Every structure is written in structure tokens, then in C-alpha cells.
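User: I am new to this structure and would like a close look at one part of it. Could you walk me through it step by step?

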Amino acid sequence: MASSIGLPALVDGGSSAYRTTRATGQEDCYELGANGHGPDGQNVAERLVEEIQAWNNRHRGDRAHVEVYLAGTPDDRRPAGRVIARPHTRVTISRP
């Protein structure tokens with residue numbers, strides 16, 4: 001397996017998909033794909049593959065920028081990005 005750090009997944013209703021890897025024969029080179037489960041598992045897996053392809057085509061070299069703010073910090077004082085709300089902080093993750 002290419003990585004043991006996390007396992008991206010996508011869930012939609014009663015269906016889900018998770019990222020898979022397989023060796024390509026080249027050292028440290030893997031092909032990514034997705035396995036779907038549930039009544040709409042095939043479609044969910046296809047959506048996950050689309051996300052993998054978008055990352056590969058547009059974001060592979062990007063570095064995420066992570067900032068942590070106190071929970072009461074106004075939205076207009078934080079950068080745009082994905083926000084993870086914690087009891088005492090807001091973590092903002094953005095990409096260039």
C-alpha cells in the first residue's frame with residue numbers, strides 16, 4: 001500500500017467509497033482508485049475518483065496552509081478556507 005496516513009472516503013446516504021492503491025511496477029509509484037459499497041456505491045466511487053483526478057491535475061504540488069484562531073474570532077478576521085470548529089478554537093485550512 002502506498003500510504004498508511006489516513007484513508008480518504010466519501011459517504012452519501014447509505015453508500016460509501018474509499019480510496020484504494022495498487023502498485024504500478026515502478027518504485028514508489030502507485031495507481032489510486034476507489035471501491036464503493038451500498039446501493040449507490042458505484043456512483044459514489046466514481047465521484048471519489050473524480051476528486052482524486054482533480055487533485056492530481058490541479059493540486060498535486062500545493063501545500064495546505066493551516067491557521068488556528070480562538071473560537072470567538074469573527075469570520076472576517078480569518079482567511080477563507082475549510083473551517084474545523086473545535087470547542088475553543090477554529091482551525092482554517094486553505095490552499096493556494
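How many salt bridges does a search of the whole structure find?

Analyst: Happy to help! Keep in mind that this is a predicted model. A search of the whole structure finds three salt bridges. As general background, side chains of opposite charge can pair when their charged atoms come close.

Let's begin with Asp12 and Arg47, whose side chains meet in a salt bridge at 2.8 Å, N to O. Asp12 belongs to strand 1 and Arg47 to helix 1, so this pair ties together parts that are 35 residues apart in sequence. Asp12 is partly exposed, with a relative accessible area of 37%, and Arg47 is partly exposed at 37%.

Helix 1 itself covers residues 41–59. Its 19 residues reach 26 Å from the first C-alpha to the last, close to the 27 Å expected. Among the buried residues of helix 1 are Val44, Ala45 and Leu48. The cover over the buried residues of this helix includes strand 1 (9–12), strand 2 (15–23) and strand 3 (30–37).

Next comes the salt bridge between the side chains of Arg22 and Glu31, at 2.3 Å, N to O. Arg22 is exposed, with a relative accessible area of 54%, while Glu31 is partly exposed at 39%.

Finally, the side chains of Asp75 and Arg78 meet in a salt bridge at 2.8 Å, N to O. Here Asp75 is exposed at 59% relative accessibility, whereas Arg78, at 14%, is buried: buried means under 20% relative accessible area.

Terms used
Residues numbered from 1 in each chain as written. Predicted model: local features only at pLDDT ≥ 70, side-chain atom pairs only at ≥ 80, totals over all residues. Heavy atoms only, no water. Helix = DSSP H or I, 4+ residues; strand = E, 2+ residues; numbered from the N terminus. Expected span 1.5 Å × (residues − 1). Buried < 20%, exposed > 50% of the residue type's maximum accessible area, 1.4 Å probe, protein only. Contact = heavy atoms within 4.5 Å. Salt bridge = Lys/Arg side-chain N within 4 Å of Asp/Glu carboxyl O.
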